[in-house]
Amino acid sequence: SDTPPEDSKIVDIFADIATMFYRALHSADIEMFPSLVNDCQFMLGLSFYYSRQFEKAIAAFQNASESNQNEKAIWMTIVCLDYIESLSLEQLALKEELSEVYINNWPNTKHATELVLYRSASNMLSPEAIEDLLLVPISDPNYDEAQRQASRSLYNMWQSALDVQKVAIGNRYISVALPLMLSDASKAKDLHATEVSSVRALRILEISLHPDVNRIVAARRAIEILDEIQERQTYSLVKFQNEILYRRVSLNLLENNVERAVSILFEMILLEPEDAWTMRSSATLWTYFISSGTEMPLLLRYAAGKQLLFEIDAHQYGSSSYFDIAFQTGSAAFELYEKDNSEIAPAEDALRISRILVGHKSDIAEVLELSARVEMELGDRALAKERWRILALGSKRGSLQWISAKYNSILLLAEESPEQALEVLNQHQILYPEYGKEPYGSRLQQLHNNLLRGENDGP
């Protein structure tokens, strides 16, 4: 059974076993067997647990928590704490911290789910209770535990707070959590403290980089702590790497290091294009350029836009939320192709996106023009000619858009029937002796001259 026995005889047997493990750990030659110490500690913890000596079991499991039994030792510590009827403030704090570590490190386990359910039912303290925790004086032996409990409760409040409450709660959380993060991070050889410091640093980043909180100094410090932990190589941050990169993007934008933010996004797209944090980074940079009115670099417009469109169905491209993103992405893809027509992916994306958009927004001139240009270069030239014709009919005569559509439609007509194209140009010259606005006026004139020479050179 996984539960401690009630039968006193069985309890006594396990107490005797615990005594044997205890003696083994305190024997004179224990240093000759370092590889067995942690396992022996874990077995001592189990023996104490099954003999219902829960506080002794907790101490043994904590001693074993840096071994390859780490997950089991942490879980058994939490289990033992559940068997203690009245937990002290210190024990409550320990249970919360270990639950936090367990959920973050082994999130897809049965035990993690049990902890999440337990915490959701019991961990929301009232603002009054949080204030009581924060009023514990620094001279009190329980001050540190009170601060940690307040930090966790403030974070829980932050997650469910209304927008108008987030600034106050967020700033309060940072003021409490920052010293705790620094204190835990300073314990370089304490794996548990390092884990807790890492989680707290991530939470500080989440809150400090919120646009309404905007605590840049706190965010920088959290990044520095995570870098220090990464350099030590005592605790792996691999599972948090994409989240940390996303936070770096946000921090660099707040510090006006835009090029660095863009560089980080390209790194994320290269390594984890489908990761949710990559999507969020793309959205953050897109929003930054749109809201600041700064021209977005061509490659970023294509790459970030493509990431944002990846999450939605094609029928949403025409919606008010995504139309501009889709149009800008398709335009950027075609511009990239025009700069280097050896790039296959931008060409394919330009054709795909323009065809989807024209199916939704054929009444918008910019969409028709994009479709016409893309089809003319990459797709169906007959369809391109029809697009140019419709665009010319719908544009104001004499405008740049009109003369552009006129030139391109006649150019395509000349491929099929030079005679018809020449006839159209003869009529155009009568109406517009200067041919039209540049650069298309000169192009029309050159095309007209070429067709006239072809007629004169004919049989």
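Trainee: Where is the place of Glu255?
Mentor: The model shown here is predicted. Two helices flank this residue, H12 (241-254) and H13 (258-271). The place of Glu255 is in the loop between H12 and H13.

Trainee: Is Glu255 buried, partly exposed or exposed?
Mentor: Buried means under 20% relative accessible area and exposed means over 50%, with partly exposed in between. Glu255 has a relative accessibility of 24%, so it counts as partly exposed.

Trainee: How many Å apart in space are Glu255 and Ile216, C-alpha to C-alpha?
Mentor: In sequence, Glu255 and Ile216 are 39 residues apart. Leaving aside neighbours within four places in sequence, Glu255 is in contact with Ile216 and Arg220. From C-alpha to C-alpha, the distance between Glu255 and Ile216 is 8.0 Å.

Trainee: How are H10 and H11 oriented to each other, roughly parallel or roughly antiparallel?
Mentor: Helix H10 covers residues 191-208 and helix H11 covers residues 216-232. They pack at an angle of about 150°, with their axes 9 Å apart. Angles over 145 degrees count as roughly antiparallel. H10 and H11 are therefore roughly antiparallel.

Trainee: Which residues of H11 make the contact with H10?
Mentor: The crossing of H10 and H11 is left-handed. On the side of H10, the contact is made by Thr194, Ser197, Ser198, Ala201, Leu202, Ile204, Leu205 and Ser208. By class, the contact has eleven nonpolar, four polar and one charged residues. The residues on the side of H11 are Ala218, Ala219, Ala222, Ile223, Ile225, Leu226, Ile229 and Arg232.

Trainee: What is the phi of Asn214, in the loop between H10 and H11?
Mentor: Asn214 lies in the loop that runs between these two helices. With a relative accessible area of 37%, Asn214 is partly exposed. Its phi is positive in a residue other than glycine, with a value near 55°.

Trainee: Which residues does Ala188 touch, not counting those up to four places away in sequence?
Mentor: Ala188 is found in the loop between helix H9 (163-185) and H10. At 35% relative accessibility, Ala188 counts as partly exposed. Not counting residues up to four places away in sequence, Ala188 touches Thr194, Arg232 and Thr234.

Trainee: How far apart in space are Ala188 and Leu245, C-alpha to C-alpha?
Mentor: Ala188 and Leu245 are separated by 57 residues in sequence. Their C-alpha atoms are apart by 23 Å.

Trainee: Is Gln147 buried or exposed?
Mentor: Gln147 is found in helix H8 (residues 143-160). Not counting residues up to four places away in sequence, Gln147 touches Leu133, Leu134, Val176 and Leu180. At 11% relative accessibility, Gln147 counts as buried.

Trainee: What is the relative accessible area of Ser151?
Mentor: Ser151 also lies in helix H8. Leaving aside neighbours within four places in sequence, Ser151 is in contact with Tyr173, Val176, Ala177, Leu180 and Arg200. Ser151 is buried, with a relative accessible area of 1%.

Trainee: Are H14 and H15 oblique or roughly perpendicular to each other?
Mentor: Helix H14 (residues 276-292) and helix H15 (residues 298-310) pack at an angle of about 125°, with their axes 9 Å apart. Angles of 65 to 115 degrees count as roughly perpendicular and those over 145 as roughly antiparallel. H14 and H15 are therefore oblique.

Trainee: How many nonpolar residues does the contact of H14 with H15 have?
Mentor: H14 passes H15 in a left-handed crossing. Residues in the contact include Met279, Trp286 and Phe289 of H14, and Leu300, Arg301 and Phe310 of H15. By class, the contact has four polar residues and one charged, while its nonpolar residues number nine.

Trainee: Which helices do the buried residues of H18 pack against?
Mentor: H18 spans residues 365-378, and its end C-alpha atoms are 20 Å apart, which agrees with the expected span. Its buried residues are Val367, Leu368, Leu370, Ser371, Ala372, Val374, Glu375 and Met376. They pack against H16 (323-339), H17 (344-360), H19 (381-394) and H20 (400-416).

Trainee: Which residue does a cis peptide bond join to Glu438?
Mentor: The residue lies in the loop between helix H21 (418-431) and helix H22 (440-456). Omega of this bond is about 10°. The residue joined to Glu438 is Pro439.

Notes
Residues are numbered from 1 along each chain as its sequence is written. This is a predicted model: local features need pLDDT of at least 70, side-chain atom pairs count only at pLDDT 80 or more; totals for chains, interfaces and linings use all residues. Side-chain values use heavy atoms; hydrogens and water are left out. Axes are lines fitted to C-alpha atoms, for helices over the stretch in contact, and angles run from 0 to 180 degrees between N-to-C directions. Helices (H or I, at least four residues) and strands (E, at least two) are DSSP runs, numbered from the N terminus. Angles under 35 degrees count as roughly parallel, over 145 as roughly antiparallel, 65 to 115 as roughly perpendicular and the rest as oblique. A crossing is left-handed if the near helix is turned anticlockwise from the far one by less than a right angle, and right-handed if clockwise. Contact means heavy atoms within 4.5 Å. Ala, Val, Leu, Ile, Met, Phe, Trp, Tyr, Cys and Pro count as nonpolar, Asp, Glu, Lys and Arg as charged, and the others, Gly among them, as polar. Buried means under 20% relative accessible area, exposed over 50%, partly exposed in between (1.4 Å probe, protein chains only). The expected span of a helix is 1.5 Å times one less than its number of residues.
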